[in-house]
Amino acid sequence: MNKTEVENMLLKKEIKRFKNSKEKIKSQFGFNIPNYIIDEIINNNNYDNLCSLVNLAVIQNRLTKEQGIIIKHKYDNLKF
């Protein structure tokens with residue numbers, strides 16, 4: 001296997017891991033969560049950033065205030 005093939009294989013594994021984690025997170029809620037919030041939960045695990053992104057989603061009407069509160073409260077159980 002050459003370097004490009006190995007990199008492609010690793011990238012495919014990472015994409016699969018992300019999709020699996022995304023589906024696990026989505027299954028815990030009864031509403032749609034913007035991808036940038038899911039990405040923060042999976043890749044960064046920073047509560048302050050998560051709160052900022054949730055607040056942004058509420059301002060942009062992509063989440064309701066209640067949904068934002070639910071995400072913030074369930075955050076500790078969403079570690080990946």
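**Exercise 1. The pair formed by helix 3 and helix 4**

Determine the handedness of the crossing of helix 3 and helix 4, then its geometry and the residues behind it.

*Solution.*
Step 1. Helix 3 and helix 4 cross in a right-handed sense. This is a predicted model.
Step 2. Take the axes. Those of helix 3 and helix 4 come within 9 Å and cross at roughly 165°.
Step 3. Classify the angle. Angles over 145 degrees count as roughly antiparallel. Helix 3 and helix 4 are therefore roughly antiparallel to each other.
Step 4. List the contact. Helix 3 supplies Y47, L50, C51, V54, N55 and V58. Helix 4 supplies K65, G68, I71 and K72.
Step 5. Sort these residues by type. The contact of helix 3 with helix 4 divides into six nonpolar, two polar and two charged residues.

**Exercise 2. Confidence**

Find which helix has the lowest confidence and which has the highest.

*Solution.*
Step 1. Start with the whole protein. Its mean pLDDT is 91. Of its residues, 96% reach 70 or more.
Step 2. Go helix by helix. Confidence is lowest in helix 2, residues 35-44, at a mean of 90. It is highest in helix 3, residues 47-59, at 96.

**Exercise 3. Two residues of helix 4**

Decide whether I71 and Q67 are buried or exposed, and list what each one touches.

*Solution.*
Step 1. Place them. I71 is found in helix 4. Q67 also lies in helix 4, which spans residues 65-74.
Step 2. Apply the cut-off: buried means under 20% relative accessible area. I71 has 0%, so I71 is buried. Q67 has 18%, so Q67 counts as buried.
Step 3. Collect contacts, skipping neighbours up to four places away in sequence. I71 is in contact with F29, F31, I33, I37, L50, V54 and L63. Q67 touches F31 and R62.
Step 4. Check a separation. I71 and V58 are 13 residues apart in sequence. Their C-alpha atoms are 12 Å apart in space.

**Exercise 4. Helix 2 and its surroundings**

Name the buried residues of helix 2 and state which helices they pack against.

*Solution.*
Step 1. The buried residues of helix 2 are I37, I38, E40, I41 and I42.
Step 2. The buried residues of helix 2 pack against helix 1 (3-27), helix 3 and helix 4.
Step 3. Look just past the end of helix 2. There N45 takes a positive phi of about 50°.

**Exercise 5. R17 against N77**

Assign an exposure class to R17 and to N77, and give a C-alpha distance for each.

*Solution.*
Step 1. Locate the residues. R17 lies in helix 1. N77 sits in the segment after helix 4.
Step 2. Recall the cut-offs: exposed is over 50%, and partly exposed falls between that and the 20% limit for buried. R17 has a relative accessible area of 34%, so R17 is partly exposed. N77 is at 63%, so N77 counts as exposed.
Step 3. Treat R17. Beyond neighbours within four places in sequence, R17 is in contact with I42 and N43. R17 and I42 are 25 residues apart in sequence and 9.7 Å apart, C-alpha to C-alpha.
Step 4. Treat N77. N77 and I25 are 52 residues apart in sequence. From C-alpha to C-alpha, N77 and I25 are 9.7 Å apart in space.

Note on methods. Residues numbered from 1 in each chain as written. Predicted model: local features only at pLDDT ≥ 70, side-chain atom pairs only at ≥ 80, totals over all residues. Heavy atoms only, no water. pLDDT = per-residue confidence, 0-100. Helix = DSSP H or I, 4+ residues; strand = E, 2+ residues; numbered from the N terminus. Buried < 20%, exposed > 50% of the residue type's maximum accessible area, 1.4 Å probe, protein only. Contact = heavy atoms within 4.5 Å. Axes fitted to C-alpha atoms, helices over the stretch in contact; angles between N-to-C directions. Parallel < 35°, antiparallel > 145°, perpendicular 65-115°, else oblique. Left-handed = near helix turned anticlockwise from the far one by under 90°. Nonpolar A, V, L, I, M, F, W, Y, C, P; charged D, E, K, R; others polar.
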